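Colleague: I'm new to this one, so please pick a single part and walk me through it slowly. I'd like a close look at the surroundings of the ligand, and then a word on the rest.

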Amino acid sequence: MSEAYVLDGKAIADGVIEEVASGTRALVARGVKPGLATVLVGADPASQVYVGAKGKAAESCGFYSVQHTLPANTGEAELLALVASLNADPAVHGILVQLPLPGHVNAPRVLESIDPRKDVDGFHPVNVGLLSIGEMGRALIPCTPAGAMIMIDKACEALGATLAGKEAVIIGRSNIVGKPMAQLMLSRNCTVTIAHSRTRDLPEVAQRADILVAAVGQPEMVRGSWVKPGAIVIDVGINRVPGEGLDDAGKPKTRLVGDVAYAEAARVAGAVTPVPGGVGRMTIAMLMANTLEAAKRAAGA
Ligand code: NAD
């Protein structure tokens, strides 16, 4: 059997960024510059990297971009006041509060204080509700599943497949990936199964899937034998595992793997996403797409 079509996350994400940049130029020509505000509390190194990458992407799209960096001991009231001022700022169309927040802050309360029209992460209950009633034109959709959906569309294009009526199995039921992914597949007329840690006979459930999405956080859990021949396999997982040898600083090397045993799956699937270089590349691109969308809606464009 031939190897699966490999979905190139970098190329697809670059394409999204180009489209956003061109949409931004058109909006700027009408006098509106999309604005993205990021809020980082504390000095978590991974969060600093993410927020920095988001700011850079915003600038490369031609947005107005502002980062608020607050000390780890910032109180909830101060954070709520900052969000309120960003809600009221007409130059800001997207607000992103980087998670995790320090333990003394009630994270849901802060996220729910974001104006849903500026909630470019798509985590506000209003956006969750709009997605679940199929109001895609008004919802802001969580970035990782939105990016995975674009990759599924690219796979369908490459394989000459259509989605309506297909069996989709999503492994994972988190609010940020699994559940919104299932809603998106449902909106595209797939027959959707959400599997999770209590699902019985998981390999058998997975084998039903024409589209299999793994968002679990378990290194290489999905084996090649779980994959239906010709299926589209989307690996959302990002897991750091021990690598071979030592790095320059003399520390044991690590490497990233997905939730899918890639080499095995690639021998069976019709299309597959690698890790790294797959879905992970799409998240920031979709954050930019959401910010442009929020700015367009605010401008009535
Ligand atoms: P989560 O921990 O919130 O949810 C994991 C889900 O997997 C749960 O619903 C749980 O029921 C299910 N699960 C756990 N163990 C299982 C098992 N043995 N069998 C079946 N189901 C099981 O995780 P999440 O935030 O949804 O993230 C999932 C993965 O995706 C992680 O590896 C994360 O790093 C990655 N992720 C990547 C991106 C990105 O690409 N930018 C974004 C978010 C998450």
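Modeller: The shell around the ligand splits into nine nonpolar residues, eleven polar ones and one charged. In that split, Ala, Val, Leu, Ile, Met, Phe, Trp, Tyr, Cys and Pro count as nonpolar, Asp, Glu, Lys and Arg as charged, and the others, Gly among them, as polar. Bear in mind that this is a predicted model: local features need pLDDT of at least 70 and side-chain atom pairs 80 or more, while totals for chains, interfaces and linings use all residues. Residues are numbered from 1 along each chain as its sequence is written, and side-chain values use heavy atoms, with hydrogens and water left out.

In total, 21 residues surround the ligand, each with a heavy atom within 4 Å of it. The closest are Arg173, Ser174, His196, Ile238 and Thr283.

Now for the polar contacts, meaning pairs of N or O atoms within 3.5 Å; within protein, one must be able to donate a hydrogen and the other to accept it, and residues adjacent in sequence count only if both atoms are side-chain atoms. Ser174 uses its side chain: an N or O atom there sits 2.5 Å from a ligand oxygen. Ile238 offers a polar backbone atom, 3.0 Å from an oxygen of the ligand. With Val236 it's again a backbone N or O atom, 3.4 Å from a ligand oxygen. On its own the ligand exposes 850 Å², and the protein buries 70% of that; those areas come from the Shrake-Rupley method with a 1.4 Å probe, and for residues only the protein chains shown count as cover.

Stepping back, there's an open sheet of six strands, ordered 1-11-8-7-5-6 with parallel pairing. Its edges are strand 1 (5–6) and strand 6 (191–195), each paired on one side only. Strands here are DSSP E runs of at least two residues, helices H or I runs of at least four, all numbered from the N terminus, and two strands pair if DSSP finds at least two bridges between them. Strand 8 (residues 232–235) runs parallel to strand 11 (residues 271–272), and two bridges join them. Val233 has Val272 of strand 11 as its bridge partner. In general, strands of a sheet pair through backbone hydrogen bonds, either parallel or antiparallel.

As for the whole chain, it's divided into domain 1 (30–118) and domain 2 (142–280), with bounds from an automatic or database domain assignment. Their centres, taken over C-alpha atoms, are 29 Å apart.
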